[in-house]
Amino acid sequence: MSSVEEIVGRADALYHDLEFGSVKRWREAHGGAKAVGYLPIWVPRELIDAAGMLPVGLMGGRGLIEIIRGDAWFQSYICQIPRSTIELALTGRLDAIDGFLFPSICDVIRNLSGMWKVMFPQKYVRYVDVPQNYDSAVGGRFFEGELRHLWNDLKKLSGTDPGDDAIRASIARYNANRRAIGDLMALRSEQPWRVPTWEAYLVLFAGNVLPVDEHTAMVREYIAAARAADRPRRDNARVVVTGSFCEQPPLGLLKTLELAGCYVVADDLALGRRWPDADVDETGEPLHALSEGFLKHSPPTAARYEPDGDRGAPLVQLVKRTRAEGVVLAAPSFCDPALLEQPILQDSLDAAKVPWTAFKYSESLGQFQVIREQAGTFADSIKLWSEA
Ligand code: SF4
């Protein structure tokens, strides 16, 4: 059995590989089969996989590249991820990717899809629209049409014509993957000292570039290794981190939270890897099944339209379910969806008497001292209150 260090080392190498070497190797090993990239957060990866192509999650530059040309395309008051994604493309790092899907997250991503069409006319580009009506007969009907359009496009791009059974097989593979991730998250929530969040995140992140079965095996391997590892249990505060569903915080920030005395027992990092949060039906009409998975089992997040109800209630329920003692509202600077929702979440947390703290970050943040002091003070105050 591989050790935790070996598995995390493999995941860390994938995280730091901005040349997408693993994607290039996959293509070579599969006779030049194509790869399709997608921006955070949800796209039907099952359809890319079923068409014989590699889905590749594009999660920005991780603060690992200097953004020079990307900055020229955007005003200053905008988040970092579109700049670094453009920088990756303009520096040739995304050349091994043949198609790009832009999910419906926010105006920035919508506009980026239009820019991509203009800048890279030789690439396949599609904005993946999602319904704002969750009635299967209304929004579902629209959405199945969108998925059919996308499926036809992907078959054309791959030059293959697989049938519905291929999609069902992919749905089963992704269900298995999400179940493994669910087990990993459950272990971290139960025994956070065994699963530091930065490690769980690296393992989760590897799913952006690995074929799905390979990633499922990695997650299962990590769970077994983490269970077996002898790690000290500390008197840290149990916290939920939320707001980080799109542009990702730098790895150093996740390490800082734990060094400051926080055990992260739930988060929405790389949320697309765990979306939907229940199995998709593996037996019925597959596009209908994917549509229903989105309509009925999308996780609560600011990036998804919610017609009514208390938007803060799912966070309060998550706090209770995970026995969290506080919430860290960590959102990318200039992220409209996350920051516009934050006051609603704060009100709900206040009403439920759940302590919270909030800060903003960018993927290129390099100094963590201020956050360490803030998170440390937060963790200390939780411990003092809980002992009062
Ligand atoms: S970080 Fe926020 S504003 Fe920026 S692209 Fe993502 S969802 Fe949109």
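## A tour from strand 7 outwards

Start by selecting A330, which you'll find in strand 7, residues 326-332. You're looking at a predicted model, so take everything on this tour as computed from that prediction.

**Stop one: around A330.** Is A330 buried or exposed? It's buried, because 24 other C-beta atoms lie within 10 Å, and 20 or more is enough to count. Now add the residues that A330 touches, leaving aside those up to four places away in sequence: V241, G243, S244, P249, F359 and Y361. For a sense of distance, select N133 too. A330 and N133 are 197 residues apart in sequence, and their C-alpha atoms are 29 Å apart in space.

**Stop two: the ligand.** Next, click on the ligand and show the 15 residues around it. Which of them come nearest? They are C79, C106, C246, E247 and C335. Colour helix 4 (81-90), helix 5 (107-119) and helix 13 (336-351), as these elements each give two or more residues to the shell around the ligand. Helix 13 has the largest share, with three residues. If you colour the shell by residue type, you'll get 13 nonpolar residues, two charged ones and no polar ones.

**Stop three: helix 2.** Move on to residues 21-29, which form helix 2, and pick out the buried ones: S22, V23 and W26. Why do these sit on the same side of helix 2? Because they cover an arc of only 100° around the axis. It helps to recall that an α-helix has 3.6 residues a turn, so residues three or four places apart point the same way.

Keep the buried residues of helix 2 on display and bring in what they pack against: helix 1 (4-16), strand 1 (35-38) and strand 2 (54-57). Then spin the view round to the face turned away from the buried side, where you'll meet the exposed residues R25 and E28. Just past helix 2, have a look at G31, whose phi is positive, near 60°.

**Last stop: zoom out.** Show the whole protein and you'll have 14 helices and eight strands on screen. Along the principal axes, the C-alpha atoms fill a box of roughly 65 × 45 × 45 Å. The radius of gyration is 20 Å, which agrees with the value near 21 Å for a compact globule with 388 residues. Buried residues make up 49% of those 388. As for contacts between residues at least 6 apart in sequence, 77% join residues at least 24 apart.

How values were computed
Residues are numbered from 1 along each chain as its sequence is written. This is a predicted model: local features need pLDDT of at least 70, side-chain atom pairs count only at pLDDT 80 or more; totals for chains, interfaces and linings use all residues. A residue is near a molecule or strand if its C-beta atom, placed from the backbone, lies within 6 Å of it. Helices (H or I, at least four residues) and strands (E, at least two) are DSSP runs, numbered from the N terminus. Ala, Val, Leu, Ile, Met, Phe, Trp, Tyr, Cys and Pro count as nonpolar, Asp, Glu, Lys and Arg as charged, and the others, Gly among them, as polar. A residue is buried if 20 or more other C-beta atoms lie within 10 Å of its own, exposed if 12 or fewer, and partly exposed in between; C-beta atoms are placed from the backbone. The arc is that of the directions from the helix axis to the C-beta atoms. Two residues are in contact if their C-beta atoms, placed from the backbone, lie within 7 Å. The radius of gyration is taken over C-alpha atoms; the globule rule is 2.2 Å times the number of residues to the power 0.38.
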